[in-house]
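Student: I should be grateful for a close look at one part of this structure, namely the charged patches on the surface of one chain. Please explain which residues form them and how they are placed.

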Amino acid sequence: MKLVLNRSNKNKIIEWQERIQNEDSEEIYETLKELNPFTKDNVKADEDSSDLASFLEAFYNFIVTSSENERNVIKKLCNHVFKFSDLILLAIQGLNSRISKSLSESAKWNLYWFMRFIPLPTKKLYPLYRDDYEVLPIGSNILNEHVQSMWLSFTKLELPSKLCRLMVPFFVEHIIDALPNSELFGDFLFSVFNKGQIYSVLSLAGIFKLIVHRNFEYPEFYSQVYHLTHSSVCYSSYSQKFFELLDLFLSSTHIPSYILAAFVKKLSRILLQAPLSHQFVLLTLIRNLITRHNVLLPLIHRDEPVTFTSDPYNEEEKNPKNSKALESSLWELTLVRKHWYDRVSKKADFLDRQAQEQENLLIWKSVDELFEEIMARKFGAGTAESTNGNDQESNEENEEDEIPKKKKKKVTFVELRSETKHPIKDNELPMNYIKPASSFLRHTSIDYKLWQP
Amino acid sequence: MSRAKKAQKRKSELKKSTSEIKKKPINPFDLKYMKKKNASEPTKVVQGTPAVSRKRAMEIRKQTLGVEYQRFGKVNQIEDRRIGEKQKLSEDEKAEKRFMAQRQQMISSKKSRFNLNDDEDSLTHLGQSLSSVAKYEKAVDSDDEGGLNEDVVALANFGGGSMTVKVPDDEGGERKLSRKEIIAEVISKSKHAKAIRKIARDEYDGATDRLDEQLKNLMTSGILHKPLGKSDSSKLANNDSYDVFFREIQMGGDQRAAAGTPHKTDEQKAAEHEKIVKKLEDDKVRRMDPENSDFINHESADVDVESVEVSSRQKRREERRGKDDFELRYDQSGKIILDERSRSQLVASDEVTGEPTNPKKKFLYKLEEFDVTAKNPTIENIEKIGQLIPELFSLSKIDTDFSSRCMRALLRQKWKKMKKYKHKELDFSIVAYLKLAADLYPTSDRWHPVCTPSLCFALEVVTSARFKNCFDCARVLFICSILANWVDESKRYLPEVMATLQGLLMLAVKTSEEEIFPTMSFPITQPFRNMLYVGEKLEEEPIEPLSLSHVFNDEPHEETTELRIQVLRILFSIIQKFIELYAGHKEAFCAIFNPFLKLWKCLPIENYPEFLFDEAKEVQNLLEKKIEENSSITQLKRKTKQNIKILKMLEPEFEEDFDPERPRLRKDPGRKGSKAEQRKLSQILKREKRGAMKELRLDAKYLARVQTEEQQKISQERKEKTNKILHSLQTQESEYKKKKLKKF
């Protein structure tokens, strides 16, 4: 695998560098297309290969020495130039030798952007040049190996935290599956995981992939995840990902019941501090877990802990084994019935009902969607005309619940008429009947002591 | 199906007619036998006569389907109504019969009933009576009447010899006219009369034509048009005045006296007011109740609690009235003047700025003013906002629907803005909006078109806020205090607020790095992590209430320990408020507040100034007390169905109406009841269906046979005819050839 390229030319390097800086990647592509570095025509090939070598040299320099985060330039280059297998291979080979600990932060960023924007390893690529002497090795496997080695050396660097936060999800989602030896990244993922907080969540999916596909052993995996499960996750941007993963982790039927119980208990504690957007999801998740694992059924039907102090559950315990959740119950969920949004409190009714037979989908709704949902409810003059519409809405609500047991009652004509005769009493929009005082801070409330205009 | 039905009908109709055939002695070779397995009975039993019945069926088909087929496509039928033609009779007898029928018809017909001379038979010629024929002849002549003298006519026609008319002669003498002359004269006379008549007719026709023409001209000229409108209006006016007059007489005009409202005493008024307020309050509670419909059930189920609640509610109501009174007094002490002035100012501005007078527009205008003012929270502006609130309240009362829609529109706007500038510092207009919403609408409702979305919005504001300094804390705390009042009555649980409060409390405590804040909005790095921590003992200083205008100002501020103390004080009071609020939620009180208590114990109270120390201690005591009180847990209980299986009894069972023929009739429920009946019927139906299908098949077969027969008949005929023609042609040809041969 030795690449025979003529030596680069200094003047040409400078020229190329300028062109790269000027972001005329399309023109670069046009010029590169004209080259024929690996043909039998010796004279031309010599010149052309030195041209190509100087371009690559210029590119390496651009990546490594640039003092700025050149995301757009690199993206353009990757879109136009580095979409051919031979060029990518050459670039990776060159860059690989240049990755060292002494790289600047912007260089790391640029490297990341390069790796981010070149086509995914799963994509089929074609070479740009005709290769008469088979100078370059062929085959996607070899390219993937190169990509892997580049990622390996890159992940061994000390990465800035922001870059890490961007890179890990991308790497876990798109790259790791395609690499031939993904187990090599175990160290990296664990080190990210140990950073805690958001990093743990980001690397969780990767670790799980390693455990499932590469037979990794990670003792105390569940206790680590248990430790991560905290109410603050609900307020973070990666919460959806986390809870989906959690759902995945807990889907196995071979998990010991104490772990399951600890998770369910923890989730119900989280529910007490979770924002609106998570209330539905967490409730569904708890419900699904109970449906999935019958061992959890005692948790929602128990007499034992009568007082808070006698509740054996230890919230601060990090190991789910010692949390004694299995001996406790999910009494916290009673509070959800007092939730300010009536649909949440309605949703919590499943606790009283018979255990359902099927699991439900986790439906993620953003706060915006929920807000729109709240705003969309009919009121005032609209309600009288569209009582049916409201019915539909409630039916929709039921859909995500189990299969509705009762069929929709048929309304006879007589009933309809009788309904229209007695319009709904709450039609009128309720208002306060006491006129508010004409001051912003009320004199009687405690606020007045603490605030002043 | 219809065909099958027809076949059925046919069958039944013809059964009688074919019974004769049945009676014929049956050929023993036609019989069909069935072997019996039981030896006790004769081995061969006659089952039927298939050949005979097949033949009979064929005959029936011929009589019914065959006839139908023959008539197929023929719409009309020829009915032979001739009398006596069908029987074999002689001509005389036929005539006699016809005559009889005619006479009978005549007698029976209505016309002849009152005919007096029915004895006489009028003579006829060609079917018409001779008298009518005579009349007709007379009528033919009547065209030229009048012209001739009667005697002349008589003379001319029935002259009978002497036709002597004496005419005065030219020379004075008389001479006899010859017959020829007479006739010529007659003719000339009649011609003359005709000519005169024709002229008269022409004249008449011309006159009518002329008149028509004139009329037409008049019509087009428009002179004939009546002035319709004038006459009508006058008529109407008449009517109107009449109606008015009539009404005046009947009803006494427009001066109608309205029923006077009885003058009420103050006590009555107060009682009425009380009644209304009570009703409103009850409505509010009903709306707050999650099980809206069974409000009454709830009452009966838990009378004690309810009565306590009711009494407390009444107390609150009284308090509220007291508050109103209090404010009134306060007004009297000086503010009322300001109010007056502001009102007059407003009136003035009405006139000057052209403020809309339409209450809807006015509300919108004021709301905009409110929002704009709130964006710049100076002390004066906050005062102004306070004054705008009751104004907006009374304006929104006029059209609640419209005003709520305005509020929702504003809310939507605010939501969008918040989403656009996420993590931006809290705007005072948001706070003002929330305050306004809480003042205008009942926040305790389970669902309210303005309050619920506003609450959602407020909570989103709380959760998306980022705590970078004490001012951020103060801002969020102010919203929290509004929200605390929001759920004052409904006591609904706000998880977002509780998480934020817990996080804020954590800021006031020196925590280890490992401890995680309940939400993401708190800083993790060190100097900010304990931003509310009071490190050193403070000097005793009187602490002013925190200024809203100061807090919500965009200018950068200096953070002082005093500010920290102020914020802490607010935090403590809000937590206290929530403790009191959620004390009702016995089932999970500890789960919410136990973390608070843990944090509370770590608070550096010793460094607090004395009043804050006292307050913190007070809240801590309250918390401990409440946790102890509410430590009981309400366990979840799932309703479980229990299916109790009954043991099988081994006692004998007696059947009273046991039928040995059908021993399982009672035991097997499938053999009895409507279902069994249904099954039986369905079997019959199946059988019948099969029969009908067979019948149809045979019908089709029969028809096909008839058709092929017809076809064959026709082709046979054609063949014969062509043969015939060919034959004749051949003979001709041969004859022709013969002739030819003969010639030469």
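Tutor: The following account takes the positive patch, then the negative patch, and closes with two helices of the other chain. The model is a predicted one, and every value below is computed from it.

On chain B, Arg54(B), Lys694(B), Arg697(B) and Lys701(B) form a positive surface patch. The greatest contribution comes from helix H23 of chain B, residues 673-743, which supplies three residues. Arg54(B), for its part, is placed in helix H2 of chain B, which covers residues 50-70. This arginine counts as exposed because its relative accessibility is 58%, and the cut-off for that class is over 50%.

The negative surface patch consists of Asp202(B), Glu203(B), Asp205(B), Asp209(B), Asp212(B) and Glu213(B). Of these, Glu213(B) belongs to helix H6 of chain B, residues 179-221. Its relative accessibility is 47%, so Glu213(B) counts as partly exposed.

Chain A offers a view of buried residues. In helix H4 of chain A, residues 71-80, the buried residues are Val73(A), Ile74(A), Leu77(A) and Cys78(A). They lie on the same side of H4(A), because the arc they cover around the axis is only 130 degrees. Helix H9 of chain A, residues 186-194, has among its buried residues Phe188(A), Leu189(A), Phe190(A) and Phe193(A); Gly186(A) and Val192(A) are buried there as well. After H9(A) comes Gly196(A), which has a positive phi, near 85 degrees.

Definitions and conventions:
Residues numbered from 1 in each chain as written. Chains lettered and ligands numbered in written order. Predicted model: local features only at pLDDT ≥ 70, side-chain atom pairs only at ≥ 80, totals over all residues. Heavy atoms only, no water. Patch = residues over 30% accessible without salt bridge, like charges linked within 9 Å, V, L, I, M, F, W, Y side chains within 5 Å. Areas by Shrake-Rupley, 256 points an atom, 1.4 Å probe, with all protein chains shown as cover. Salt bridge = Lys/Arg side-chain N within 4 Å of Asp/Glu carboxyl O. Lys, Arg positive; Asp, Glu negative; His and termini not counted. Charge placed at Lys NZ, Arg CZ, Asp CG, Glu CD. Helix = DSSP H or I, 4+ residues; strand = E, 2+ residues; numbered from the N terminus. Buried < 20%, exposed > 50% of the residue type's maximum accessible area, 1.4 Å probe, protein only. Arc of directions from axis to C-beta.
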